[in-house]
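This report describes the helices of a single structure, the burial of their residues and the charged contacts between side chains.

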Amino acid sequence: MSNVRALPLLEPEAPGAAVPCCPPLSERPFTAEEAERTARMFKALGDPVRLRLFSAVASHEGGEACVCDISDVGVSQPTVSHHLKKLKDAGLLTSERRGTWVYYRVEPSVLAAMGQLLAVR
C-alpha cells in the first residue's frame with residue numbers, strides 16, 4: 001500500500017487560497033496597504049527562530065509537521081508556540097489540532113505568492 005496521495009491544485013479564485021498580496025517588487029511601487037501586508041509577512045520571517053520553524057514546516061515530509069517534530073530550535077516549548085502563532089497570524093502557516101498535538105502546514109499557494117512577490121519581471 002502506497003502512502004502517496006494526490007493533492008488538488010488550488011486555483012487563485014478558490015475560497016481560502018492565498019493569492020499574491022502585491023505585485024512583484026519590480027513591477028511598480030507598493031501602495032500603503034500593500035506595504036503593510038507585505039511588511040507583516042517579512043516581519044514574521046525576520047526572526048531566526050521563526051524562519052527556522054517556517055523552514056522546518058515547509059520542508060517536512062508530507063507537507064505538514066507536528067509541533068512535536070519541529071520544536072527543537074533551541075528555545076522553550078512556550079516560546080515555540082509563540083513563534084508559531086506569529087507565523088500563523090501573518091498568514092504563513094495553517095494549523096489543525098489532532099488529539100493533543102497541533103499539526104502545521106504551509107499552503108503551496110503561500111509559497112507561490114511569496115515567490116511571485118520576489119520575482120523579477
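By about how much of the helix are Asp 89 and Lys 85 separated in helix H4? The two residues are 4 places apart in H4, which means that about one helical turn separates them. The model is a predicted one, and the values below are computed from it.

**Helix H4**

Asp 89 and Lys 85 form a salt bridge, with their closest N and O atoms 2.9 Å apart. Asp 89 is exposed, its relative accessible area being 55%. Lys 85, by contrast, is partly exposed at 49% relative accessibility. An α-helix has 3.6 residues a turn, so residues three or four places apart point the same way.

H4 contains 13 residues, and the distance from its first C-alpha to its last is 18 Å, close to the 18 Å expected at 1.5 Å a residue. Its buried residues are Val 80, His 83, Leu 84 and Leu 87. Viewed down the axis of H4, these buried residues lie within an arc of 100°, and they therefore line one face of the helix. On the face turned away from the buried side are the exposed residues Pro 78 and Asp 89. Asp 89 thus belongs both to this exposed face and to the salt bridge with Lys 85.

The cover over the buried residues of H4 includes H1, H2, helix H3 (67-70) and strand S3 (101-105). One of the buried residues, His 83, has a relative accessibility of 8% and counts as buried because the cut-off is under 20%. Leaving aside residues up to four places away in sequence, His 83 touches Asp 47, Val 49, Arg 50 and Leu 53. After H4 comes Gly 91, which has a positive phi, near 85°.

**Helix H1**

Does the end-to-end distance of H1 agree or disagree with the span expected for its 14 residues? At 1.5 Å a residue, helix H1 (residues 32-45) should span 20 Å, and its end C-alpha atoms are indeed 20 Å apart, so the two values agree. Buried positions in H1 are Glu 34, Thr 38, Met 41, Ala 44 and Leu 45. Because these buried residues fall within an arc of 125° when seen down the axis of H1, they line one face of the helix. The face turned away from that buried side carries Ala 32, Glu 33, Glu 36 and Lys 43, which are exposed.

Helices H2 (48-59), H4 (77-89) and H5 (108-117) are included in what covers the buried residues of H1. H1 also has a salt bridge between the side chains of Arg 37 and Glu 33, at 2.7 Å from N to O. These partners are 4 residues apart in H1, so about one helical turn separates them. Glu 33 counts as exposed at 53% relative accessibility, whereas Arg 37 is partly exposed, with a relative accessible area of 30%.

**Helix H5**

In H5 the buried residues are Ser 109, Val 110, Ala 113, Met 114 and Leu 117. They fall within an arc of 140° as seen down the axis of H5, and so they line one face of the helix. H1 and H2 are among the elements that cover these residues.

**Charged side chains and rings**

Side chains of opposite charge can pair when their charged atoms come close. How many salt bridges does the structure hold? The number is 7; three of them are set out below.

| Salt bridge | N to O distance |
|---|---|
| Arg 37 and Glu 33 | 2.7 Å |
| Asp 89 and Lys 85 | 2.9 Å |
| Glu 96 and Arg 105 | 3.1 Å |

In the pair of Glu 96 and Arg 105, the side chains meet at 3.1 Å from N to O. Salt bridges with shared partners link Glu 64, Glu 96, Arg 98 and Arg 105 into one network. Arg 105 counts as buried, with 18% relative accessibility, while Glu 96 counts as partly exposed at 36%.

Arg 98, a member of this network, also lies over the face of Tyr 103, at 4.3 Å from the ring centre. As for contacts between rings, the search of the whole structure finds 0 aromatic pairs.

Conventions:
Residues numbered from 1 in each chain as written. Predicted model: local features only at pLDDT ≥ 70, side-chain atom pairs only at ≥ 80, totals over all residues. Heavy atoms only, no water. Expected span 1.5 Å × (residues − 1). Buried < 20%, exposed > 50% of the residue type's maximum accessible area, 1.4 Å probe, protein only. Arc of directions from axis to C-beta. Contact = heavy atoms within 4.5 Å. Phe/Tyr/Trp six-rings, centres within 6.5 Å; stacked < 30°, edge-to-face > 60°. Lys NZ or Arg CZ within 6 Å of the ring centre and 35° of its normal. Salt bridge = Lys/Arg side-chain N within 4 Å of Asp/Glu carboxyl O.
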